[in-house]
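The following note sets out points on the model for a colleague's consideration. It begins with a single side chain and proceeds to the fold, the helices, the charged pairs and the aromatic rings.

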Amino acid sequence: MADNITVDEELVTFRGMCPFRKYIPSKSGKYGIKVWAACDSTNYYVTNLQVYTGRGEDEPRESNQEKRVVLDLTQNLFLSGRNIATDNFFTSLDLAKELERKQMIL
């Protein structure tokens with residue numbers, strides 16, 4: 001596995017019936033299933049992913065979701081010293097401190 005891991009979201013185009021299908025107008029497919037993925041930046045191999053199923057009607061909005069997603073997707077890499085690259089959606093000072101504590105670099 002390479003030293004650089006990228007965490008980002010992807011909309012897998014899907015027009016069928018699915019309770020967690022999302023509409024994201026800024027994406028080319030617009031309708032689909034939102035997936036968060038951690039990928040090896042050298043050979044584009046997916047090391048871990050999560051499907052975003054949304055929140056239930058009675059559930060409160062999740063705080064620090066971005067931080068949780070990055071930590072969940074990279075938990076098998078803690079103490080490895082690898083570099084984690086994210087876009088501005090995931091980046092935060094709390095996340096940077098947590099990754100530094102786990103001997104990873106943001």
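1. Arg82. The side chains of Arg82 and Ser80 make a polar contact at 3.3 Å. Arg82 lies in the loop between α1 (65-74) and β5 (83-86). Although buried, Arg82 has no salt bridge; Asp3, the nearest side chain of opposite charge, is 4.9 Å away. That distance falls outside the criterion, because a salt bridge requires a side-chain nitrogen of Lys or Arg within 4 Å of a carboxyl oxygen of Asp or Glu. The model is a predicted one, and the description of Arg82 should be read in that light.

2. Overall fold. The protein chain has two helices and five strands, and from the N terminus on the order of these elements is β-β-β-β-α-β-α. The C-alpha trace spans about 40 × 35 × 20 Å along its principal axes. Of the 106 residues, 29% count as buried. Among contacts between residues at least 6 apart in sequence, 49% join residues at least 24 apart.

3. Surroundings of α1. Which residues of α1 are buried? They are Gln65, Val69, Val70, Leu71, Leu73 and Thr74. The cover over these buried residues includes the strands β1 (4-13), β3 (31-40), β4 (46-51) and β5, as well as the helix α2 (93-101).

4. Salt bridges around Glu98. The structure holds six salt bridges. One of them joins the side chains of Glu98 and Arg101, with an N to O distance of 2.7 Å. Glu98 and Arg101 are three residues apart in helix α2, so about one helical turn separates them. The two differ in exposure: Glu98 counts as buried at 16% relative accessibility, whereas Arg101 is exposed, with a relative accessible area of 59%. Glu98 also meets Lys102 in a salt bridge, at 3.3 Å from N to O. Lys102 is buried, with a relative accessible area of 18%.

5. A network including Glu9. Salt bridges that share partners join Glu9, Lys27 and Lys34 into one network. Within it, the side chains of Glu9 and Lys27 meet at 3.6 Å, N to O. This pair links distant parts of the chain, Glu9 being in strand β1 and Lys27 in the loop between β2 (22-23) and β3, 18 residues apart. Both partners are partly exposed: the relative accessible area is 24% for Glu9 and 25% for Lys27.

6. Lys34 and Tyr52. Where does the charged end of Lys34 sit? It lies over the ring of Tyr52, 5.2 Å from the ring centre. Lys34 thus combines this placement with membership of the network that contains Glu9 and Lys27.

7. Aromatic pairs. The structure holds three aromatic pairs. In one, Tyr23 and Tyr31 are tilted, with 4.9 Å centre to centre and 45° between the planes. Tyr23 is partly exposed at a relative accessible area of 47%, and Tyr31 is partly exposed at 27%. Another pair, Phe89 and Phe90, is edge-to-face, with 5.0 Å centre to centre and 85° between the planes. The label follows from the angle, because planes over 60 degrees apart count as edge-to-face. Phe89 is partly exposed, with a relative accessible area of 35%, while Phe90 counts as buried at 1% relative accessibility.

Definitions and conventions. Residues numbered from 1 in each chain as written. Predicted model: local features only at pLDDT ≥ 70, side-chain atom pairs only at ≥ 80, totals over all residues. Heavy atoms only, no water. Phe/Tyr/Trp six-rings, centres within 6.5 Å; stacked < 30°, edge-to-face > 60°. Buried < 20%, exposed > 50% of the residue type's maximum accessible area, 1.4 Å probe, protein only. Lys NZ or Arg CZ within 6 Å of the ring centre and 35° of its normal. Helix = DSSP H or I, 4+ residues; strand = E, 2+ residues; numbered from the N terminus. Lys, Arg positive; Asp, Glu negative; His and termini not counted. Polar contact = N/O pair within 3.5 Å; in protein donor to acceptor, adjacent residues only side chain to side chain. Contact = heavy atoms within 4.5 Å.
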